[in-house]
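Biologist: I am new to this structure and should be grateful for a close look at one part of it. Please describe how a pair of neighbouring helices is arranged, and then how that part of the chain takes part in contacts between chains.

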Amino acid sequence: MDIYSCLSSVREKSPLVHHLTNWVTIYDCAQVVKSFGGSPVMAHAVEEVEEMISIASALVVNIGTLTTDFIESAQRAAVAANRRGLPVVLDVCGAGATQFRDRKSMELLEGARIDIIKGNASEVARVAGYVVKTKGVDSSEIQEDLKSIAEKLAAERSCTVVITGKQDVVAGNSKIYYVDNGNDMMAGVVGTGCMAASVIGTFAGANPEDYAFAAAAGLSCYEIAAEMAVEKAGGPGTFRGHLLDCVTQLTEDIVIKKQKVRS
Amino acid sequence: MDIYSCLSSVREKSPLVHHLTNWVTIYDCAQVVKSFGGSPVMAHAVEEVEEMISIASALVVNIGTLTTDFIESAQRAAVAANRRGLPVVLDVCGAGATQFRDRKSMELLEGARIDIIKGNASEVARVAGYVVKTKGVDSSEIQEDLKSIAEKLAAERSCTVVITGKQDVVAGNSKIYYVDNGNDMMAGVVGTGCMAASVIGTFAGANPEDYAFAAAAGLSCYEIAAEMAVEKAGGPGTFRGHLLDCVTQLTEDIVIKKQKVRS
Amino acid sequence: MDIYSCLSSVREKSPLVHHLTNWVTIYDCAQVVKSFGGSPVMAHAVEEVEEMISIASALVVNIGTLTTDFIESAQRAAVAANRRGLPVVLDVCGAGATQFRDRKSMELLEGARIDIIKGNASEVARVAGYVVKTKGVDSSEIQEDLKSIAEKLAAERSCTVVITGKQDVVAGNSKIYYVDNGNDMMAGVVGTGCMAASVIGTFAGANPEDYAFAAAAGLSCYEIAAEMAVEKAGGPGTFRGHLLDCVTQLTEDIVIKKQKVRS
């Protein structure tokens, strides 16, 4: 399995990726899935989440604008996805910012099998039990070694852990991957982190053999598109559109030449 | 009545188009109305939907991210719009994907007069009683003849029926229209279907004499703008902005030359 | 204190601006804060709004898509912000359109100290007790003198009042400012008004000594960016991205040369 073949699988299988996500970046999450060749669906009514899972290939939950109702629906969707053996991605967006967010993240982690936990350094560290404070939804500096945090949490929960940042760290399947694609612009654009979770869900849905490698491959492709987009963008506003264009322009040559994934 | 005069009416009257729509594409729905010259309002609190209707020219309901509360508000808004004789557009977004969605679509169709039912092929077929399965919010292939489905449903419910796709089919007022504008890019962009419903509402609000022709005219203008936009776009991300630009650039010459509406 | 130093404070301090805002323009509100150098957070669950305030520098409430739950959360957030002495901005989006909106605006104004009331002419006039009707969320023409309305309301409520429009009027701190930056394009773009409230919150959060001047400075910088953006945009669709780019490109020279704030 290589990175480009993971992308090809997405384009061939067009996985339906069900989202329970936040209201800020919901459009971007849907469009990035569609740009990659998947089919996004965003539905959060408790009455239909389980049935929607019955036609899905992956579930992405993002707690960015969580409420109690939302978490109840997410819980049900995750359990239904577990039953079908679909990958469940949890973006612990803003974990560490409030106790409510921490508590609800833990409820989700206890109430269903989460296959891929994704967040920035302080969010994932918080979920892993470290005492850190997240500044809203942006990461705070943390001193801990990210590799150790990711590996420990992945082992404890038998899942894949993705820590996004300048260098992304992916631990799972007893392996660790580092992704060095991307650029500084991404941190200045609302939604780049949320889209990363949707991309991971899309790649895991189409490449269910190895979630850790699928996540690393997805991040690499997405961030290569970001590298292409920054050449065209005048700033964070126009970057958004170019990123969603460039995802569709990824070719085998580009991916092979530009990927920076090492294990 | 011709297509351009329908567009002129929109620009002259600037209809207030009240929306109860989904959270994914709500910005795009608002902006497409504004780009056409209308005035969008998005308000879903059950306490105010009826009063908002009292100052509106049209109502657009889109069930993309429906919940029970949302449907209750939509129901009230639709009944209030019926009382005032305003056009009510229902985008049956995702009908066929879950039973909840089918049931709620039917509740809306039974609880108020829906003047224009709009969806893609599998969504409208489902509402018309065919056994089809919608893949999330994207259309599935169906074998039935779209003209027959549209005409039958329009006759049964004495309403206008719009099936969007490569070729749009509009049945109503004992007529049938085919709209062949647009392009393949549209299917790759999240929100193009939702915006179509908002455009139809805007055109029907400003041209209440003939909803079927207004719908066909609105779709044609919108899709001509899409044809112009694709010349400028690098992909689905930048297409979005160009589409919303090009809507404002439609002139009489362009519309006359490019429209592909036949009955 | 001058305008550029207000902008510099934003960039240096990177204030966390907590939002309870509407679902239509929530992305744009977040991104404009980020483009200016602040850190946006959008969280509305009643269980966490108070704790989120404990790490914030400002609160922005926008009632565009209000519901009863939303207002309860906003109320709590505002009281918590009052306790910490943070600036609270209320965008009375759509006030005058329905009684529900008027009543809920008044509840917020009575239930907490609102430091900055922001709206277009008819919205602010309505809150000030004038009999006006707002057309959805777009302004209606009003005959009253905006300076008088702003000054009277600012005095009555001991707050800052911002009336946005072709010329913005800011009254507070016993002063009045007029901002003549910006352009006609802005009225054709969904979200420019909502973003203005977020900008005001960001500037007030970083410049708490004088909310009225901070508001005027923020509006001027934001509208200078709009002047730059219109040169690059093909219409209201692409304007959106360019505006969010140009905010990051504001320099001391540009601000000094282009600002049109007078008192």
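Modeller: What follows treats a helix pair in one chain and then the contacts between chains.

This is a predicted model, in which local features need pLDDT of at least 70, side-chain atom pairs count only at pLDDT 80 or more, and totals for chains, interfaces and linings use all residues. Residues are numbered from 1 along each chain as its sequence is written, while chains are lettered from A and ligands numbered from 1 in the order in which they are written.

Two packed helices are described by the angle between their axes and the distance between the axes. In chain C, the axes of helix H9 (residues 211–232) and helix H10 (residues 236–246) come within 8 Å and cross at roughly 135°. Helices here are DSSP runs of H or I with at least four residues, numbered from the N terminus. Axes are lines fitted to C-alpha atoms over the stretch in contact, and angles run from 0 to 180 degrees between N-to-C directions. H9(C) and H10(C) are therefore oblique to each other; angles under 35 degrees count as roughly parallel, over 145 as roughly antiparallel, 65 to 115 as roughly perpendicular and the rest as oblique.

From H9(C), the residues C:Ala225, C:Ala226, C:Met228, C:Ala229, C:Val230 and C:Lys232 meet C:Phe239, C:His242, C:Leu243 and C:Cys246 of H10(C). Residues are in contact if their C-beta atoms, placed from the backbone, lie within 7 Å. By class, this contact of H9(C) with H10(C) has eight nonpolar, one polar and one charged residues. Ala, Val, Leu, Ile, Met, Phe, Trp, Tyr, Cys and Pro count as nonpolar, Asp, Glu, Lys and Arg as charged, and the others, Gly among them, as polar.

H10(C) also belongs to the contact between chains C and B, which takes 25 residues from chain C and 27 residues from chain B. On the side of chain C that touches chain B, helix H5 (99–111) and H10 each supply at least two residues, and H10(C) gives the most, with five residues. That side of chain C has nine nonpolar, twelve polar and four charged residues.

Turning to chains B and A, their contact takes 25 residues from chain B and 27 residues from chain A. H10(B) gives the most to the side of chain B that touches chain A, with five residues.

Methods. Two residues are in contact if their C-beta atoms, placed from the backbone, lie within 7 Å.
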